[in-house]
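Trainee: I would like a close look at one part of this model. Please take me through the main nonpolar core and the helices that pack around it.

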Amino acid sequence: MKQYDVIIAGGGVIGAACAYFLSRDTNLKIALVDLKKPGNASRASAGGLWAIGESVGLGCGVIFFKTLSKLQSEGDTEAAETLRPHQLPECFFELALKSNELYPALHEEMLTRHDVDFKFERTGLKFIMYNRDDEIYADSIVSGIPNLSSQIRWLDQQQLRAEEPYITPDAIGAIDFICDHQVNPYRLVDAYTEGARQNGVELFLNTEVLEVLREGNKVIGVRTQEQSLHCDTLINAAGAWADDIYYQATGKHMPVYPVKGQIVLSERMPKVLNGCISTSDCYIAQKDNGEILIGSSTEEKGFDTTNSLDKITELSQGAMKCLPILKESSIKRCWAGLRPGTPDELPILGPVDGVEGYINACGHFRTGILMSAITGTLITELMTGKPTSVDLAPFCVERFE
Ligand SMILES: Cc1cc2nc3c(=O)[nH]c(=O)nc-3n(C[C@H](O)[C@H](O)[C@H](O)COP(=O)(O)OP(=O)(O)OC[C@H]3O[C@@H](n4cnc5c(N)ncnc54)[C@H](O)[C@@H]3O)c2cc1C
């Protein structure tokens, strides 16, 4: 029977980051078990490190605008009038910004120690304004985060045109979050996984955790198709499927559920964007190889991973309105992925009261790529008994009880 100090269930960006940081900073014997289920979020991601953008609700198809127009179209003017941009709590900003700061050094470390490049690019994230409503929205975002004013630039129409000449002349300006950047998400997962492998982590790929093994209130391992693997601690990084593992480990359910996101990718284009873009319709990012990525919808449709014409059309139209040159581009492919959603949009991190040998690292919803570095760091601190660099209380599963 194979025995490990730590088994990680799920090898998306979160499980892989935990494996990497644990193997870099401890001498623990670690196994990473992953079955790539259709909908794996990390490979569906846009790769935005949009720490401020996501914290104020801009990263994801601009949820605030969608909610507002839905309320207006339903005639619910009272609710629409009181609706504020979707700003997450202070503890989320802290986590997001701390994680964001880790990427430049992590990028260097992955290149020099492990010979893998996850394509960290300093881009900024510009929220494009088309009209007075957008300006009011941008104003309320900026006034809500006075402590981050040094990270925000206001661009008038002329400045925007000078920096982003391909953006429609209808745009009247932008706010730019200068610390929000991007990576290539596939390469980031591969970098963590390869780094972990080089550091001695045993990888069980194409392998499913079929059962969590317990003795009383203690988790003692997992059963896969081939064998049982024993461990002192099981880390649940199973993304949108995390509740299955949690239920088996604890006998209780937790609210982690799939939130589908669809993306459209263009064929390679010459450089038409200098920074990442967010508008009231979609976000647009030109990746390191020239492809333009347009995202993303937010839909609760269970584990469905199909692409639908309505959402792909909506995203494409939003992108062409902002970047008219896209009318000349062709679609390379479309896909959908399943974000691990939680009701308050905060991840679920840390141990569980009354259950030994078990830790949650799940529920990262729209920001798992961004949050992977701090999650790997926090889980390593927990495992080595160090004080955590962020207070974990707001992120524990007990908040839902
Ligand atoms: C369209 C889209 C765009 C996004 N854009 C961004 C972005 O720009 N920036 C950002 O920060 N975040 C973004 N996200 C969110 C981000 O992708 C997720 O938060 C993150 O990938 C979650 O990582 P994870 O490792 O928890 O889950 P996943 O990547 O889903 O990985 C979980 C893994 O566990 C495996 N698994 C599940 N159950 C088992 C089992 N029983 N046994 C073995 N393996 C199992 C799954 O198959 C999967 O491989 C986006 C998500 C989507 C869908």
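Mentor: What follows goes from the core as a whole to two helix pairs and the residues in them. The model is a predicted one.

The largest nonpolar core has 49 residues. Those with the most contacts inside this core are Ile8, Tyr103, Leu106, Phe118 and Tyr192. At least two residues each come from the strands β1 (2-9), β2 (30-34) and β18 (355-362), and from the helices α1 (13-25), α5 (90-114), α8 (185-198) and α11 (368-383). The biggest share is from α1, which gives 9 residues. Another core, of 29 residues, lies apart from this one and includes Ala9, Val212, Ile348 and Val355. As a general point, nonpolar side chains in soluble globular proteins tend to be buried together.

Take α1 and α11 next. Their axes come within 8 Å and cross at roughly 40°; the two helices are therefore oblique to each other, and the crossing is right-handed. On the α1 side, the residues that meet α11 are Val13, Ile14, Ala17, Cys18, Phe21, Leu22 and Asp25. Their partners in α11 include Gly368, Ile369, Ser372, Ala373, Gly376 and Met383. Sorted by class, the contact of α1 with α11 has 10 nonpolar, 6 polar and 1 charged residues.

Ala17 shows this packing at the level of one residue. Ala17 lies in helix α1 and has a relative accessible area of 0%, which is under the 20% cut-off, so Ala17 is buried. Beyond its neighbours within four places in sequence, Ala17 is in contact with Tyr192, Ser372 and Gly376. Between Ala17 and Asp190 there are 10.0 Å in space, C-alpha to C-alpha, although the two are 173 residues apart in sequence.

The contact with Tyr192 leads on to the second pair, α5 and α8. These helices pack at an angle of about 50°, with their axes 11 Å apart. That angle makes α5 oblique to α8, and here the crossing is left-handed. The contact joins Tyr103, Leu106, Met110, Arg113 and His114 of α5 to Leu188, Ala191, Tyr192, Gly195 and Gln198 of α8. Of the residues in the contact of α5 with α8, 6 are nonpolar, 3 polar and 1 charged.

Tyr192 ties these parts together in the list of its contacts. Leaving aside neighbours within four places in sequence, Tyr192 is in contact with Val13, Ala16, Ala17, Tyr20 and Phe21, with Tyr103, Leu106 and Met110, and with Ser372 and Ala373.

Definitions and conventions. Residues are numbered from 1 along each chain as its sequence is written. This is a predicted model: local features need pLDDT of at least 70, side-chain atom pairs count only at pLDDT 80 or more; totals for chains, interfaces and linings use all residues. Side-chain values use heavy atoms; hydrogens and water are left out. A nonpolar core is a set of buried Ala, Val, Leu, Ile, Met, Phe, Trp, Tyr and Cys residues joined through side-chain atoms within 4.5 Å. Buried means under 20% relative accessible area, exposed over 50%, partly exposed in between (1.4 Å probe, protein chains only). Helices (H or I, at least four residues) and strands (E, at least two) are DSSP runs, numbered from the N terminus. Contact means heavy atoms within 4.5 Å. Axes are lines fitted to C-alpha atoms, for helices over the stretch in contact, and angles run from 0 to 180 degrees between N-to-C directions. Angles under 35 degrees count as roughly parallel, over 145 as roughly antiparallel, 65 to 115 as roughly perpendicular and the rest as oblique. A crossing is left-handed if the near helix is turned anticlockwise from the far one by less than a right angle, and right-handed if clockwise. Ala, Val, Leu, Ile, Met, Phe, Trp, Tyr, Cys and Pro count as nonpolar, Asp, Glu, Lys and Arg as charged, and the others, Gly among them, as polar.
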